Amino acid sequence: MPVLALLDAIQKLTSKWFNKHRNAIGSATKTLTPSTKAILRANFTLSQRLKASQLDAFEYTLYGDGNDEVVNLSDRSCSCRVFQIEKITCAHAIAAIYGTKLDLYDFCSPYYSSQMWALSYADTIYIRCPHCK
Ligand SMILES: [Zn+2]
């Protein structure tokens, strides 16, 4: 019996979390999640110290923070490796994108979109299985 009570408590808590996040998302559109935007804001602040030098149509060299980094916007990579590993634009990529007409949000993985966030909590967790009595 204590195991069943524990499972019931876990179901209730998970359902409460899902509702909390579902309500937080609200009418989210295709923009990025708040935590992703916070990361981008921090990276944007860091990017303000960088200078970009365009190498070709897609590649840039970034300097100004002690390390020279190379960003390739075509394959979404940076020699610091943050861009391709975390799938969020690093400070170097932001500095490269800054002078262009490209949208910074387009370079982040769609997994960081509010739409994906909403889908994570779309399912309902029933306190009691509706098929069992
Ligand atoms: Zn980088």
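Me: Why is cysteine 80 called partly exposed?

Reply: Its relative accessibility is 26%. Buried means under 20% relative accessible area, exposed means over 50%, and partly exposed is what lies in between (1.4 Å probe, protein chains only). The 26% of cysteine 80 falls in that middle range, so partly exposed is the right label. One friendly note before we go on: this is a predicted model, where local features need pLDDT of at least 70 and side-chain atom pairs count only at pLDDT 80 or more, while totals for chains, interfaces and linings use all residues. Residues are numbered from 1 along each chain as its sequence is written, and side-chain values use heavy atoms, with hydrogens and water left out.

Me: What makes histidine 92 buried or exposed?

Reply: Histidine 92 has a relative accessible area of 8%, which puts it under the limit for buried.

Me: Which atoms are the protein donors of the zinc ion?

Reply: They are the SG atoms of Cys78, Cys80 and Cys90 together with ND1 of His92, at 2.2 to 2.3 Å from the zinc ion. Donors are N, O and S atoms within 2.8 Å of the metal (3.2 Å for Na, K and Ca), so these distances qualify. Water is not among the atoms, so sites may look incomplete. Along the chain, the donors have the spacing C-x1-C-x9-C-x1-H.

Me: What does the pair of cysteine 80 and histidine 92 tie together?

Reply: Cysteine 80 sits in the loop between strand S4 (77–78) and helix H3 (82–86), while histidine 92 belongs to helix H4 (residues 91–98), so the pair links parts that are 12 residues apart in sequence. Helices (H or I, at least four residues) and strands (E, at least two) are DSSP runs, numbered from the N terminus.

Me: Why is the arrangement around the zinc ion called tetrahedral?

Reply: The four donor atoms subtend angles of 104 to 116°. Four donors count as tetrahedral if all angles lie between 85 and 135 degrees, and these do, so the name fits. For comparison, the ideal angle for four tetrahedral donors is 109.5 degrees.

Me: How do you know that the span of H1 agrees with its 24 residues?

Reply: The expected span of a helix is 1.5 Å times one less than its number of residues. For H1 that gives 34 Å, and the end C-alpha atoms are 35 Å apart, which agrees.

Me: Which residues of H1 are buried?

Reply: They are Ser15, Phe18 and Ile25. Serine 15, for instance, has 13% relative accessibility, so it meets the limit for buried. The buried residues of H1 pack against helix H5 (114–120).

Me: What does serine 15 touch?

Reply: Not counting residues up to four places away in sequence, serine 15 touches Ile125 and Ile127. Contact here means heavy atoms within 4.5 Å.

Me: Where is alanine 95, and what is in contact with it?

Reply: Alanine 95 is in helix H4. Leaving aside neighbours within four places in sequence, alanine 95 is in contact with Ser47, Leu50, Ala52 and Leu62. At 13% relative accessibility, alanine 95 is buried.

Me: What makes S1 and S4 edge strands?

Reply: The open sheet has four strands in the order S1-S2-S3-S4, with antiparallel pairing. Strand S1 (51–54) and S4 each pair on one side only, and that makes them the edges.

Me: How do you know that S3 and S4 pair?

Reply: Two strands pair if DSSP finds at least two bridges between them. Strand S3 (residues 69–72) and S4 have two bridges, so they meet that requirement. Four bridges join S1 to S2, and four join S2 to S3.

Me: Which residues of the largest nonpolar core touch the most other members?

Reply: Of its 20 residues, these are Leu40, Leu62, Val71, Leu73 and Phe83. A nonpolar core is a set of buried Ala, Val, Leu, Ile, Met, Phe, Trp, Tyr and Cys residues joined through side-chain atoms within 4.5 Å. H4 gives the most to this core, with six residues.

Me: What is the phi of lysine 87?

Reply: The phi of lysine 87 is near 60°, a positive value in a residue other than glycine. Most residues other than glycine have a negative phi. Lysine 87 lies in the loop between H3 and H4, and its relative accessible area of 45% makes it partly exposed.

Definitions and conventions: Tetrahedral: all angles 85-135°; square planar, octahedral: opposite > 155°, others 65-115°.
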